[in-house]
Each structure stands twice: as C-alpha cells, then as structure tokens.
Amino acid sequence: MSILSSEIGAYAGKQVSLHGHVQTIRSMGGLTFLVIRDRAGIFQAVVNGGEPATLVKDVTLEMPVRIQGTVNQLPKRTDAFEIAAEKLELLSEHLSPPPVEIAKSSKMDAISLPTLLDYRPLTLRNEKVRSIFKIESVFCNAFRTFLNKDGFVEIHTPKIVSTGTEGGAQLFRLDYFGKPAFLAQSPQFYKQIMVGVFERVFEIGPVYRAEEHDTTRHLNEYVSMDLEMGFIENEQDLLTLQTRLLQSMFNSVEEFCAAELSLHDAKIPKFESIPQIQYVDAIELLLRKLSWKNEEAEPDLDPEAERLLCEYAAKEWQSEFIYITGYPRTVRPFYAMPMTDKSGKLSLTKSFDLLFRGVEVTTGGQRIHEPNMLIESMQGRGLNPESYLDYLQCFRFGMPPHGGLAIGLERLAKQLLGLASTKQAALFPRDRNRLTP
RNA sequence: GGGAUCGUAGCUCAGUUGGUUAGAGCGCCUGCCUGUCACGCAGGAGGUCGCCGGUUCGAGCCCGGUCGGUCCCGCCA
C-alpha cells in the first residue's frame with residue numbers, strides 16, 4: 001500500500017510504502033534517521049538494523065528512495081509518526097553530493113542569486129523556493145476560474161509573429177525559413193482580434209522583450225496574464241473587473257497556500273476597492289508633497305515615483321494598491337483610446353497602470369475600435385497602416401468598444417512574497433546575461 | 001545605452017600597515033555514537049585568491065588592463 005507523507009497518521013501500526021527524495025540524513029551509529037520529501041510534504045523514516053542499515057550507507061542527499069515499513073508513533077509524542085524501515089530501496093545509482101544545501105531554507109536564503117539560478121534544477125527543490133511556484137500555479141488557476149465564470153474564453157495566440165506591437169519595446173529577431181520574424185512582445189493584436197470573435201478572451205502565456213535592462217524588476221521572458229473584453233462603457237469597467245479578479249486570486253492563494261505564505265511571512269492584501277489617481281495629479285502630488293527628486297522638464301513616472309505613490313496610498317488610503325489613470329498619449333501605444341485633458345485637448349488616454357507595494361504589476365486600458373481613428377493614430381506616430389493590414393481587418397468589419405489588461409505573473413508573486421528579485425519568481429529566468437539553465 | 005559596485009574552498013564569508021605554511025561556519029570524507037530532528041564527538045580532504053601584466057626583496061592586499069557577476073537608472077509587466 002503506497003501512501004503520501006500527509007496520510008501517515010491514519011496508518012499507525014500498519015505496513016505501508018512511501019517514496020520520496022532524501023532531504024536529511026542523521027546517522028547515530030546503529031540508528032539512522034532519514035527525512036524524506038514527497039509531493040505532499042515530508043516524513044521521517046528510521047533505519048534500525050537489518051538490510052536497510054547496510055543500504056543506508058550509500059544514501060546521499062536528494063537520492064530518490066522507496067521505503068516499506070511500519071508506521072509508529074514517535075516516542076513521547078502522540079501527534080507525530082514515523083516509519084520504521086523494513087525495506088529500503090535506492091532508486092538511483094550512487095550520486096555525488098549536492099553543491100548547495102537545500103534542506104534548510106535559512107541556508108537557501110543566504111545563497112547568492114547567481115548560484116541560486118546556476119543550480120536551479122536543485123535549488124527549486126527547496127520548500128521555500130518551490131512554494132513560489134505553487135503560489136503562481138494557484139494564481140493562474142484562480143485567474144482562469146474567475147474569468148471562465150465571467151464568460152471569458154481562453155485562447156492561445158502565436159508567439160512567432162511577423163511584426164511588433166507597440167514599437168517601443170525591442171523585439172527578438174528570428175529566422176523563419178529565411179523570412180524575418182519576431183518573438184511576440186505581447187498578445188495585444190491577437191487578443192483584440194479575438195474580442196470580435198468571443199467578446200471576452202484571456203490568455204496566460206510567455207511574452208518576450210529584447211530590452212537590455214538589468215534590474216530586479218525585469219525579465220526578457222515573462223508570463224503575461226492577459227484579458228480583453230468587448231462592449232465596455234469605458235476603462236472603469238476594466239478597473240472594476242480587475243479589482244474583483246485580484247480579490248479572487250488573492251483569496252485562492254490564502255485558501256490553498258497558507259503554508260507557502262507563512263514560509264515567506266507574506267500577508268494577503270485585503271481590499272474592497274482600489275483608489276485611483278489621475279496621472280497629472282500623481283505628478284503634481286509627487287512634486288509638491290512627496291519630495292520626489294526629478295529634474296525633467298516633462299517628468300514621467302519612474303520607479304522612485306511608483307514607490308512614493310504606493311507609500312502615500314498606504315498612508316492616506318490604507319491601500320497596498322493604487323490605480324494610475326489617464327496616461328498621456330505620448331507614453332502609451334497608438335491603440336490606446338484618447339481622452340480629453342482639462343483644457344479639452346485629446347492629449348490623454350483611457351489607460352491605467354496598477355501599482356502594488358511600489359511596483360507596476362498591470363497595464364491596461366480602453367482601445368481604439370474605430371478604424372479611421374486607429375489609422376490616424378498610427379500615422380500620428382509615423383507608423384505605416386499598410387504594415388498592420390491583418391490587424392486592421394477586424395476593425396474594418398466592426399469592433400465594439402473594448403479594452404483589456406495584462407498582469408505580470410512573476411512581478412505579482414514577487415510583490416506578494418516580498419522577493420528581492422523578479423528572477424526568483426521565474427523557474428528558469430531569461431535575463432540580459434542568462435540563457436541557461 | 002549610462003552609472004555604481006563586487007570577484008578568496010562546493011556554499012556563505014573573514015583576511016590587520018604588503019611579510020614566511022591563506023582562515024572560519026556550513027557541506028563533504030573517515031571513525032565513534034540506538035531517539036536524532038541545526039544531533040554530538042574526534043580526525044581528514046578540499047584553494048593557480050577570476051585572468052594577464054606591472055611596482056616591490058616579497059602581492060589575496062598596491063597600480064594598469066581584461067573577463068565575469070550584482071545593483072541602480074533609462075524602458076517596461
């Protein structure tokens with residue numbers, strides 16, 4: 001009978017079989033204790049004589065083993081159980097010892113980021129490192145479940161594309177059977193096209209940015225949680241939706257990842273609504289009240305500004321989130337729906353960013369759905385509509401008022417768990433200097 | 001692309017004013033240990049001090065170059 005570590009208490013006095021990786025070996029002469037990790041947790045096995053005692057000398061840390069024996073209560077404790085090994089099976093040949101200690105999370109926390117990533121196949125096994133990805137899995141599940149219930153259809157758009165989306169971000173070039181091609185920096189055009197098909201769509205997938213940034217916030221490949229919906233009134237519909245969506249995602253993590261959260265001393269943010277501030281008001285607030293150091297003639301929000309705004313939101317509104325709305329057209333892509341400023345000029349956009357604990361985690365907004373306005377917007381930026389004909393098709397045949405947003409999964413996890421770097425929240429991060437493992 | 005900073009054992013680090021054989025903790029190996037859970041005790045292995053050159057009687061340490069990393073900014077999620 002093969003069972004999991006979590007079930008061991010129900011089998012006191014019975015013969016069972018368990019398997020897992022050896023995480024700790026404590027040898028006491030004739031008596032050896034093994035702490036073994038399976039997919040449900042850990043359990044202790046005690047080897048006391050017999051054939052297992054001979055075999056246990058060849059056990060190394062992280063070796064996969066199968067153990068058969070009797071479940072016993074630990075001496076002096078009624079709440080804990082161990083398995084007395086009667087049969088020990090080494091499921092691997094002799095192994096070399098691991099280069100870093102992975103059983104203790106305190107040791108793992110001390111390891112430098114390059115080492116942590118160089119030995120990723122090993123370090124991912126540490127419970128604290130692993131927990132990051134359990135939480136991301138629950139985030140994705142909750143994102144899916146919430147949107148599915150709300151009438152969204154999950155889609156998968158191509159990652160090999162012929163043209164870029166926004167012009168700004170750099171693209172990775174590919175050789176596609178002799179033709180130039182690129183890795184998609186965003187599913188933007190395709191998810192908009194699919195609004196004409198399903199009205200509401202979402203996608204969780206990788207996006208690629210060939211920018212040579214090297215910071216704790218950036219990855220050159222990251223997971224984007226995208227959604228796009230039709231027949232909206234304005235961008236406020238998206239803000240409301242995302243607020244509910246995030247509540248649902250955080251509630252799920254709280255429900256299913258209590259142990260993982262406590263490893264990181266992380267607290268789930270609680271909120272009923274998320275405060276909003278207009279971009280121009282944010283700039284004014286920063287310059288007048290928040291002692292923001294900025295010498296630009298036309299200041300733009302930088303990471304320092306984002307931190308200051310979040311500190312302000314926490315103090316004034318008791319919110320760990322803040323929506324920045326009404327970004328100028330100059331800092332938004334051509335497809336962002338224009339909006340009038342205080343002087344009546346169409347200089348702003350119905351777009352927004354969401355800041356969470358000092359870092360931008362979401363960008364979104366209403367899009368232009370009228371073909372002529374879209375073409376004018378392209379031309380206003382020196383883009384040639386001829387090279388966007390496939391995208392423009394859907395507008396020529398009719399698109400509803402629509403909009404969407406994209407959440408950066410790794411950044412969301414980083415901010416929730418208080419990780420030092422976004423790279424820790426990617427299984428095998430790709431950055432300026434790293435293409436392996 | 002701009003700036004700052006760091007390279008010493010498998011990992012994390014110390015290394016005095018330039019001085020003889022470069023250290024610590026953890027890990028690893030050997031031995032002892034029958035209730036450990038950061039097990040304990042005794043012993044041991046492990047280093048081209050990133051690399052190249054220079055100054056010096058003498059360089060881990062000073063100087064120049066080079067390679068690699070980390071962080072910040074720009075840009076973005």
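Two strands pair if DSSP finds at least two bridges between them. Helices (H or I, at least four residues) and strands (E, at least two) are DSSP runs, numbered from the N terminus. This is a predicted model: local features need pLDDT of at least 70, side-chain atom pairs count only at pLDDT 80 or more, and totals for chains, interfaces and linings use all residues. Residues are numbered from 1 along each chain as its sequence is written, chains are lettered from A and ligands numbered from 1 in the order in which they are written, and side-chain values use heavy atoms, leaving out hydrogens and water.

**View 1. An open sheet of three strands.** The order is β7-β9-β8, with antiparallel pairing. β7 (160-161) and β8 (173-176) are the edge strands, each pairing on one side only. Four bridges link β8 to β9 (residues 179-183). L174 has A181 in β9 as its bridge partner.

**View 2. Helix α5 and the residue G151.** Helix α5 covers residues 127-149, 23 residues in total. At 1.5 Å times one less than its number of residues, the expected span is 33 Å, and the end C-alpha atoms agree at 32 Å apart. Just after α5, G151 has a positive phi of about 85°.

**View 3. K191 in helix α6.** This helix spans residues 188-198. K191 is buried (under 20% relative accessible area, 1.4 Å probe, protein chains only), at 2%. Its side chain makes a polar contact of 3.3 Å with that of E228; such a contact is a pair of N or O atoms within 3.5 Å, one able to donate a hydrogen and the other to accept it. Beyond neighbours within four places in sequence, K191 is in contact (heavy atoms within 4.5 Å) with residues including I155, D226 and R367.

Technical notes. Buried means under 20% relative accessible area, exposed over 50%, partly exposed in between (1.4 Å probe, protein chains only).
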